[in-house]
Amino acid sequence: MSADCARSALVASLVRDGRVRTPAVRAALETVPRHLFLPALDPGGAYADVAVPIKVDDGVTVSSVSQPSMVAIMLEQLEAGPGHRVLEIGAGAGWNAALLAELVGPDGAVTTLDIDDDLVAGARANLDAAGFDGVDVVVGDGALGYPPAAPYDRIELTVGSTGVRPEWVAQLAPGGRLLLPLTVRGSQLSVAFAHTAPGRLHSRSVRSCAFVRLRGEGADPGAEVALPDGRWRVQPACGSDDADVPDPRALARATTGAGTDRPVAAAGTVADLWDGLGLWCAVADPGVVRLFGPAGGGVAPALFDLGGVRATLGLVAGDGCAVLLADPEATVRACGPDGDLAAERLAGLVAGWVDAGRPHAADLRIEAVVPSLAGPGGGAERGSGVDRAGPGEVVVDGAGTRLTLRWGPATG
């Protein structure tokens, strides 16, 4: 199959599946030759709907060319248009920067940056080969943005961040849009924020996603810990500096398989561990965790299969825990002296999710406030967020920005 045919087939599938919704995004994807940014692949591989790693350090992927369907979703979220000034954080191979250049046209400007010299050199060469020599490709720490070309009408991160950094908000033009893969209570979400007032952002759309993490000053190793046996890992929904963060070691009891089972209001799925039910539970209760382990032994056969790894959603309460089972479905297992308390809380969360209509990431609304930019009265001091949260709201602090989370329709 020729590159042109492969590209046409990919775009047609993205339109059919609803990933591409606007003529501008469709035209950009039809025009920009992805295979020139992945010269080691044949056309079939270059236009497959998969992410392609382009740099690996110590066995960990630190840069990739993103999955076309996710790229399309994010371009629709970003709404970049003719004449816009755009900053991309995470140049990768340069393909997304070329798409952005196509969207903003000759009257716009695109700056893309990456932390590694070799990635920047590769992106520059690829962009030149594809005819996009007007894109400015620079070396820099994405956590700091790129002040020389600010302000920007659009800022897009193609790497994951655990917070909304004030530097990005400060470099965003009034009415501009910031799009980033943001970790919210352990789930990575592609959030499109509108800059509505000094130091204030409101989400316009939220989608599930999975990206490599930001490196440099904005790097966050995460709060994942290993259980004593070394075979099981626990990922708390809350960061280590959150109040009431649970002791994940209490989950060691759950790995043996011993415990008391009880039914819950709905069965879970692998996707629900991060989106849907899992996101609902993590936002609502700081005791929520995610458990990962080997495929065999103990509780493993009863958990969810995640590509050869077993995983589940759990909740820690005092000296006990509860975990959601895949088999039998719609079941929670209580373990330890306080296991019944944990199971009661987890069952209540499942019931609340069902009663709310089983919301997913797209139903989450996020307000971000940078107190240092919002001016007097623009944001409370850190630590008072719970007191200022309204009914049904949860406040999360991090990276100098306060996030207020709630479920429901957008308010504009």
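What percentage of the 412 residues in the protein are buried? Buried residues make up 52% of them. The model shown in these views is predicted.

**Figure 1. Overall view of the predicted protein, with its 11 helices and 20 strands.** The radius of gyration is 22 Å, close to the 22 Å that the globule rule gives for 412 residues, so the protein is as compact as a globular protein of that length. Along the principal axes, the C-alpha atoms fill a box of roughly 65 × 55 × 40 Å. Of the contacts between residues at least 6 apart in sequence, 60% join residues at least 24 apart. The accessible surface comes to about 16,700 Å², and carbon and sulfur atoms account for 53% of it. The side chains include 33 positive and 49 negative ones, and the centres of these two sets lie 3 Å apart.

**Figure 2. Close-up of helix 2, residues 23-31.** Val-25, Ala-28 and Leu-29 are buried in this helix. Viewed down the axis of helix 2, the buried residues fall within an arc of 95°, so they line one face of the helix. This spacing can be read against the general geometry: an α-helix has 3.6 residues a turn, so residues three or four places apart point the same way. The packing partners of the buried residues in helix 2 are helix 1 (3-16), helix 4 and helix 5 (95-104). Ala-24 also lies in helix 2, but Ala-24 is partly exposed, with a relative accessible area of 44%. From Ala-24 to Ala-282 the distance is 36 Å, C-alpha to C-alpha, and the two are 258 residues apart in sequence.

**Figure 3. Close-up of helix 4 and the residue that follows it.** Helix 4 is mostly covered, with 11 of its 11 residues buried. The buried residues of helix 4 include Pro-68, Met-70, Val-71, Ile-73 and Leu-75. Among them are also Ser-69, Glu-76 and Gln-77. Glu-79, just after helix 4, takes a positive phi of about 55°.

**Figure 4. Close-up of His-84, in the loop between helix 4 (68-78) and strand 3 (85-89).** The relative accessible area of His-84 is 19%. The cut-off for a buried residue is under 20%, so His-84 counts as buried. Leaving aside neighbours within four places in sequence, His-84 is in contact with Glu-79, Val-104 and Gly-108, and also with Ala-109, Asp-153 and Arg-154. Glu-79, one of these contacts, is the residue with the positive phi just after helix 4.

**Figure 5. Close-up of Ser-63 in strand 2, residues 60-65.** Ser-63 counts as buried, at 6% relative accessibility. Residues up to four places away in sequence are not counted in the contacts of Ser-63, which are with Pro-53, Ile-54, Lys-55, Gly-92 and Leu-119.

**Figure 6. Close-up of Arg-402 in strand 20, residues 401-407.** Arg-402 has a relative accessibility of 6% and counts as buried. Between the C-alpha atoms of Arg-402 and Gly-163 the separation is 8.9 Å, although these residues are 239 residues apart along the chain.

Terms used. Residues are numbered from 1 along each chain as its sequence is written. This is a predicted model: local features need pLDDT of at least 70, side-chain atom pairs count only at pLDDT 80 or more; totals for chains, interfaces and linings use all residues. Side-chain values use heavy atoms; hydrogens and water are left out. Helices (H or I, at least four residues) and strands (E, at least two) are DSSP runs, numbered from the N terminus. The radius of gyration is taken over C-alpha atoms; the globule rule is 2.2 Å times the number of residues to the power 0.38. Buried means under 20% relative accessible area, exposed over 50%, partly exposed in between (1.4 Å probe, protein chains only). Contact means heavy atoms within 4.5 Å. Accessible areas come from the Shrake-Rupley method with a 1.4 Å probe; for residues, only the protein chains shown count as cover. Lys and Arg count as positive and Asp and Glu as negative; His and the chain ends are not counted. The place of a charge is taken as NZ of Lys, CZ of Arg, CG of Asp or CD of Glu. The arc is that of the directions from the helix axis to the C-beta atoms.
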